[in-house]
Amino acid sequence: MPSKIKFDRNQLENIKDLYINQEKTLKYISLLFNIDRGVIKRRLKELNVKLRTAKETKNINRKNIDKRLLKDFYVNKKKSLLMLRKKFKVRFGVIKEILIGMDIKIRNQQQATDLFRYLPSTHKKQSKSLKKTLSNSNIRKKISNERKLRWLNPKYKQKMHKIFKALNRTGSKHPRYIDGRSDLRFLIHNLSEYKQWRIEIFERDDFICQICNKRGNKLEAHHKKSFSKLLSEFLKEYNQFSPIEDKETLIRLAMKWKPFWEVDNGMTCCVKCHKTEFTTRPK
Ligand SMILES: [Zn+2]
């Protein structure tokens, strides 16, 4: 049986001081004394020291951020906010708050992308053999399809959403966001005309996916000319109406606008084929 590690009085006082007054973490202390973290924890309990909760630890992390180091990382070393968040173990907003507090301008999305694109470490050269492989369009398509398939995995989707959120690129902050358009899209997709259009296409194709030629999978109606393009054209034609203030008028016009309801523009696809064949960006 391993003998209990003995601390003398001074050492115990030292540990207590480090933990309480200097606000060092258990990890720090355990590394300092080269002793297991659990042992430190037990000793502190024996000394009637109240251990900090996770939330308290977080607050201490926040307080202990070395501002000079943070500035150096962000301004000189051009590290991303995302990376700094990981390094300093605080929320994204905290990093931003501190930088703004030091009068440092936060890079916008475009600046960040440009920076990332041109940083030497991220700009890897393609080898000759890789270039040759990638010149084959079939292989390129295969890779791209596999990438699209990842979006069917809810875990992957969740993870990417988190990243987009951290980069402040969701919803109205998305680079492709247009005011009110998504509401309009939703409203049109919920029209009875839309449901009728789908059914007509499914019936014409006999409920068979036109890509894998199988029946019985969940079906979607694919727009050969994309719905976003149609919507753009529609809004261009009726540009005297605003997608925000004149929603009702636009919906009434949409019901009668033929290009939306062209059965020839539709094609029956199962969900999986629809995603892999036609998705160019995550939904
Ligand atoms: Zn299919």
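1. The radius of gyration here is taken over C-alpha atoms, and the globule rule to hold it against is 2.2 Å times the number of residues to the power 0.38. For a compact globule of 283 residues that gives a value near 19 Å, yet this protein chain has 29 Å. Its C-alpha atoms fill a box of roughly 85 × 50 × 45 Å along the principal axes.

2. A quick word on what you're looking at: this is a predicted model, where local features need pLDDT of at least 70, side-chain atom pairs count only at pLDDT 80 or more, and totals for chains, interfaces and linings use all residues. Residues are numbered from 1 along each chain as its sequence is written.

3. The chain has 16 helices and two strands (DSSP runs numbered from the N terminus: H or I of at least four residues for helices, E of at least two for strands).

4. Now look at H2 (residues 26–33) and H3 (residues 37–46): they pack at about 110°, with axes 9 Å apart. That makes H2 roughly perpendicular to H3, a label for angles of 65 to 115 degrees. Axes are lines fitted to C-alpha atoms, for helices over the stretch in contact, and angles run from 0 to 180 degrees between N-to-C directions.

5. Who touches whom? On the H2 side you'll find Leu-26, Lys-27, Ile-29 and Ser-30, meeting Arg-37, Ile-40 and Lys-41 of H3 (contact means C-beta atoms, placed from the backbone, within 7 Å).

6. Further along, H13 (residues 192–204) reaches 18 Å from its first C-alpha to its last. Just after H13, Asp-206 takes a positive phi of about 60°.

Note on methods. The expected span of a helix is 1.5 Å times one less than its number of residues. Angles under 35 degrees count as roughly parallel, over 145 as roughly antiparallel, 65 to 115 as roughly perpendicular and the rest as oblique. Two residues are in contact if their C-beta atoms, placed from the backbone, lie within 7 Å.
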